[in-house]
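Please open the structure in your viewer and keep the selection tool at hand, since the tour below moves from one selection to the next.

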Amino acid sequence: MASTDTTSSELTLAIDLRNISKSFGTVQANKHVNLKVEAGTIHGIVGENGAGKSTLMSILYGFYEADAGEIYIFGKRTPIRNSSDAIAAGIGMVHQHFMLVENFTVLENVMLGAESGAMLGRSITDAAAELDRLEREFGLAVEKDALISDLPVGQLQRVEILKALYRGARILILDEPTGVLTPQETDQLFAILRSLREQGTTVIIITHKLREIMVLTDQVSVMRQGEIVASRVTSETSREELAELMVGRKVRMSIDKTPAQPGEALLRVENLSVHDHYGVARLDRVSLEVRAGEIVGIAGVSGNGQSELLDVLSGILPPGEGEVLINGHTVTPEHATNPEQVRSYSVAHVPEDRLKRGLVREFIAAESAILGYHNASEYNGVFLTKPSAIIDHTHHLMEAFDVRPAHPTLKSANFSGGNQQKLILAREMDPGPKVLLVGQPTRGVDIGAIEFIHKQIVAMRDEGSAVLLVSGELDELMSLADRIIVMFEGRIVGEVAASEADEKMLGLMMANAHTPTSTVSEEVPA
Amino acid sequence: MDANITTEIISTLSATMRVSTPLILAAMAGIFSERSGIVDISLEGKLLAGAFISAAVAAVTGSAWLGLGAAIVVTMLLSLLHGFASITHNGDQVVSGVAINIIVSGMTVVLGIAWFHQSGQTPSLPNTARFMPLHLPGSETIGSIPILGDIYTKILSGHNLLVYVAFLSVALTWWVLFKTRFGLRLRAVGENPKAVDTAGISVAWLRYRAVLIAGILTGIGGTYISIAQNASFIREMSAGQGYIALAAMIFGKWKPVPAMFASLMFGFLDALSIRLQGVEIAGIGQIPVQAIQALPYILTVAILASFAGRAIAPKADGVPYVKER
Amino acid sequence: MRRQPLPAWADIILIPIINITLALLVAGVVIALIGENPFKAFAVMFQGAFGYAEGIGYTLYYATNFIFTGLAVAIAFHAMLFNIGGEGQAYIGGLGVALVLLTFDHVLPFWILLPLAIAAAMLFGAAWAAIPAYLQAYRGSHIVITTIMFNFIASNLMVYLLVNVFIVPGSMSPESRVFDQTAWLPTVHDFLARFGIDVAASPLNLSFVIALIAGVFVWLFVWHTRWGYAIRTVGFSEPAAEYAGISAKKIIMLTMLISGALAGMAGINEIMGVQHKLLLDFVAGYGFTGIAVALMGRNHPLGIVLSSILFGALYQGGADLTFEMPNISREMVTAIQGFIILFSGALTYMSRPWLERLFGLFVREKSTEEVPHGR
């Protein structure tokens with residue numbers, strides 16, 4: 001095709017990716033991707049985990065180099081070999097995991113890599129002046145001299161956006177920006193992005209949350225298995241259509257489950273507090289109970305004590321103050337326990353961080369399949385282990401939870417995220433625990449596996465287990481849990497029946513702006 | 001009696017300056033390297049290599065300066081090797097460092113015997129081929145002032161050039177780390193290399209520069225040991241000072257000035273223990289010479305035991321930077 | 001160009017061979033720089049190590065020490081601990097052996113002395129590893145630095161003890177008295193002579209067999225016991241260990257005690273098997289060689305036995321080399337060790353991309369049984 005007749009339309013294209021391919025070893029992450037993003041718009045990219053969204057954007061930002069294909073920025077062919085090429089081309093990126101130096105100030109982070117000269121003195125004055133300008137123009141206020149480690153997550157994201165703008169970004173890419181935000185913080189972010197769009201900045205947002213695509217974007221592209229399978233104008237599509245495009249088949253968005261039949265309390269926490277070694281309260285007088293046959297969900301922005309709660313209940317962290325009653329056993333600061341003992345109380349724990357804690361990547365699947373149960377008598381003789389018993393057990397787990405490939409001697413790292421998670425769930429659920437502690441059961445798991453995992457958790461409840469579920473996905477909590485408890489700064493700030501909860505209400509509670517249960521108790525008698 | 005004690009104190013403090021010099025230089029080298037995220041156990045090997053090369057070159061050419069230059073070239077090459085293994089190939093940094101130490105330990109003797117046939121020593125150097133004590137200007141006039149004069153003429157003055165270079169290196173290290181763009185990026189890359197990479201700065205090149213600076217500093221430190229503090233190379237003459245410098249760096253929390261004071265403390269205790277050699281102590285008797293010789297090592301362990309747990313290393317220290325997938 | 005993931009055999013056999021070859025290549029260049037012929041030098045070394053029965057005996061005798069110190073380093077590596085203190089632990093292990101034998105050699109029969117001496121070697125070696133282990137586990141002190149410091153301290157302690165305590169009155173050399181013959185480990189040539197087999201005399205003794213047994217023990221322990229499982233869990237992922245209820249602190253202690261005990265066993269070979277007295281510097285770098293042995297043997301007992309024999313050959317051949325070419329000193333072997341640690345420990349996979357491309361040239365695309373990768 002002659003290039004002359006396309007110039008007029010290409011001038012309005014901020015980004016034009018042509019035929020981008022990238023593979024890692026034997027895995028092809030991007031296959032002949034073509035993507036066009038119009039200047040001055042907000043463009044969404046959706047897809048399941050592992051669909052290749054992050055890889056594509058990392059190529060655009062020069063973090064990886066594409067194996068093949070061409071990149072055109074504002075109509076001009078721009079080879080991007082590293083991040084400085086991308087920055088020079090006017091591209092800025094806000095990564096899912098913030099790229100900030102924790103013991104630096106906001107100002108130092110903003111000027112890092114964009115200093116004014118070899119000495120720091122002038123850089124500091126210049127950066128401070130520019131930050132003031134950006135604050136005036138976009139309403140992006142930050143404390144310039146605050147240490148990154150002292151700032152809340154929402155502020156960190158703002159610093160990342162400022163970093164990109166400071167470098168003169170005209171195209172801003174955000175990778176899963178709302179994962180760590182409350183719904184209200186998300187709304188603020190979206191307001192900022194819209195005002196950036198008004199000023200002519202092109203915004204690309206990667207997400208797996210279809211709701212955000214619908215409220216924010218002008219156009220949307222769907223990725224599946226490394227390819228762009230569809231592009232739509234947002235106003236002309238629907239959540240259902242996008243979901244179907246993402247998965248490649250029709251998806252049911254809800255879970256069938258009968259009302260809970262709660263029995264006796266199998267887990268009771270009373271006035272539990274935990275302080276970290278800086279003396280900061282990570283858990284602050286938490287009291288809750290989970291009864292047999294119910295799922296209690298814990299909502300909250302990550303880092304508000306949910307992880308510590310799971311750690312105390314599973315015996316990893318000792319309680320600082322208060323008491324835990326777990327399936328008839330009492331745990332107090334004086335009578336601390338350990339994970340092995342807690343397991344013997346018929347408690348199972350699916351950890352939040354699958355790769356770090358749930359299994360050992362270097363172990364074969366059969367070794368990962370006994371993690372935490374490795375001292376059990378079925379797997380051990382007097383001195384030596386019983387390899388055949390371990391392998392047989394793993395076969396059984398893999399069959400019961402449909403783990404693929406069903407090879408117990410394959411390295412754990414070589415299973416997909418969903419299959420790793422199913423193996424962990426199988427390991428923890430197979431003994432039929434009375435109390436099940438679950439953290440982020442479907443994080444990084446593809447939609448097919450999510451349905452399966454949800455069904456298993458509900459089945460566990462229906463068999464009479466008490467389930468405590470920590471999840472960052474409000475959708476998951478609302479559809480899976482029977483009651484939802486909201487945590488903020490280590491405290492319980494509210495509780496609602498799942499059937500009565502909605503996203504807005506939970507969001508307000510997560511930001512501690514709306515506390516239906518505690519307002520009553522805190523009222524001062526006149 | 002009193003005068004005697006004063007002389008003792010003055011000469012111990014003066015010895016402290018001399019004994020601390022290689023520790024200070026190596027500790028600064030360690031700070032550059034580890035602030036960039038590269039653990040450098042091979043400070044020890046680089047000191048030893050620097051000591052050998054400078055003594056060998058000075059013996060052949062008769063020039064201390066050529067000795068120093070050659071030592072710096074060789075220690076920078078060793079730094080490049082360490083960088084090649086740990087930056088380019090993401091190898092285990094501790095293993096790479098240990099390998100360099102063992103290579104140097106063997107090669108200095110192999111080359112020493114092959115070149116000089118003196119069972120691993122280099123020939124004894126004339127003073128003209130060494131770094132000799134300098135007298136700071138105005139020693140005579142200031143020397144007459146009581147106390148201050150003694151401090152100036154007998155403790156601060158009368159050392160060789162490299163001693164002053166060591167103290168200068170502390171100021172320079174501080175200035176580079178905290179007042180320059182390079183220092184800002186260096187500190188950043190040791191904390192969060194990904195942040196540096198995504199800011200469009202090459203992680204590898206930054207880290208290479210850091211280890212090269214460590215090479216220069218250890219080259220000076222090694223030269224000091226063989227041709228300033230002593231007059232020839234003796235096998236294994238670095239005697240663990242590279243490791244002690246690492247301990248001083250940790251004790252100094254990866255900061256130049258505290259690390260210098262930690263080095264001075266090690267140096268002082270060392271100088272003191274040399275003074276104690278052969279001295280009868282009431283109630284204990286004569287302390288065995290081996291106990292005195294072991295003292296720096298015991299102290300290193302004691303200091304690591306009491307403080308290391310609380311010291312916070314740069315976050316990415318020792319972790320190869322791999323763009324993960 | 002297409003890369004082909006390497007088959008297991010290339011990873012386990014080919015890469016180590018390439019790494020040793022690179023190390024020897026560098027050593028050859030050094031020898032050439034000194035002005036000797038590297039090919040002749042390696043020929044002399046090979047002849048010295050394997051060319052005659054006595055040489056083989058010496059090679060295996062050295063290998064015995066390296067199996068012990070190599071296993072010591074390897075088991076620590078499995079818990080991600082770098083034990084550089086094998087040198088001091090072996091030295092102090094020898095002290096334990098000597099204490100037992102000097103006390104009981106005239107009193108007890110050999111078959112009681114042997115287990116006692118082994119127990120002492122292990123106990124003393126473990127004790128010398130215990131303090132750095134404790135400091136690492138409970139105080140976070142860098143175990144690499146503390147174990148090195150303990151090498152220096154052991155060295156000073158032994159000089160003191162030999163000069164002031166063990167020295168034979170009136171003697172000038174800092175050595176203990178020679179043990180009674182009942183306390184000597186039988187040598188292989190004596191043992192074989194009893195069956196009418198005549199082998200040249202060498203220091204090779206019963207402890208070689210003990211070393212092989214130790215290798216089997218380590219293999220079983222690391223891969224086939226729940227404690228080995230715990231050690232590997234801690235080594236691969238401390239968060240996973242914490243989650244599983246495995247105490248990293250206890251595992252660090254356990255691993256280092258076993259590591260120290262294994263290193264201490266080198267004292268059985270040297271003191272009870274060969275020297276028959278306590279003397280200065282009998283460890284002669286065996287502890288450091290253990291690092292090279294473990295890295296080259298990929299921390300697996302079989303690999304460790306094989307690489308121990310290679311290093312035994314280097315030591316023995318190196319001794320012959322110094323004799324034939326006085327310009328090349330014994331420390332050449334130390335340098336070669338350093339090169340091997342560098343190539344097989346720090347530059348382990350330098351050759352991998354090249355090999356992958358090479359294999360890619362020969363192997364046709366076959367992506368039928370692809371395992372999906374997670375992120």
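In what order do the six strands of the open sheet of chain A follow one another? With chain A selected in this predicted model, the order can be traced as β6-β7-β8-β3-β9-β10, and the pairing along the way is mixed. The edges are taken by β6 (91-94) and β10 (227-233) of chain A, each of which has a single partner strand, so one side of each is left without a neighbour in the sheet. Looking along the sheet, you will find neighbouring strands turned by 20° against each other on average, with direction ignored.

Next, select residues 42-47 and 219-224 of chain A, which are strands β3 and β9; these two run parallel and are joined by five bridges. To look at a single pair, pick A:H43, whose bridge partner in β9(A) is A:Q219. Keep this pair of strands displayed and add residues 239-247 of chain A, helix α9, which packs on the sheet and touches β3, β9 and β10 of chain A, while its direction makes about 30° with that of β9(A). Then add residues 153-166 of chain A, helix α6, which lies across β6 and β7 (171-175) of chain A and runs at about 170° to β6(A).

Now colour chain A by domain, taking 4-247 as domain 1 and 265-360 together with 434-522 as domain 2. The C-alpha centres of these two domains of chain A lie 33 Å apart, and where the domains meet, nine residues of domain 1 are in contact with 13 residues of domain 2. The domain 1 side of this contact consists, by class, of three nonpolar, five polar and one charged residues.

From here, bring chain C into view beside chain A: 32 residues of chain A are in contact with 22 residues of chain C. On the chain A side, the elements to select are α11 (339-344), α12 (354-358) and α15 (417-429), which give two or more residues to the contact. By class, that side of chain A has twelve nonpolar, 16 polar and four charged residues.

Finally, isolate chain B, whose secondary structure comes to 13 helices and two strands. Its C-alpha atoms fill a box of roughly 70 × 45 × 45 Å along the principal axes, and its radius of gyration of 20 Å agrees with the value near 20 Å that a compact globule of 325 residues would have. Of the 325 residues of chain B, 54% count as buried, and among the contacts in chain B between residues at least 6 apart in sequence, 78% join residues at least 24 apart.

How values were computed. Residues are numbered from 1 along each chain as its sequence is written. Chains are lettered from A and ligands numbered from 1 in the order in which they are written. This is a predicted model: local features need pLDDT of at least 70, side-chain atom pairs count only at pLDDT 80 or more; totals for chains, interfaces and linings use all residues. Two residues are in contact if their C-beta atoms, placed from the backbone, lie within 7 Å. Helices (H or I, at least four residues) and strands (E, at least two) are DSSP runs, numbered from the N terminus. Ala, Val, Leu, Ile, Met, Phe, Trp, Tyr, Cys and Pro count as nonpolar, Asp, Glu, Lys and Arg as charged, and the others, Gly among them, as polar. Two strands pair if DSSP finds at least two bridges between them. Axes are lines fitted to C-alpha atoms, for helices over the stretch in contact, and angles run from 0 to 180 degrees between N-to-C directions. Domain bounds come from an automatic or database domain assignment. The radius of gyration is taken over C-alpha atoms; the globule rule is 2.2 Å times the number of residues to the power 0.38. A residue is buried if 20 or more other C-beta atoms lie within 10 Å of its own, exposed if 12 or fewer, and partly exposed in between; C-beta atoms are placed from the backbone.
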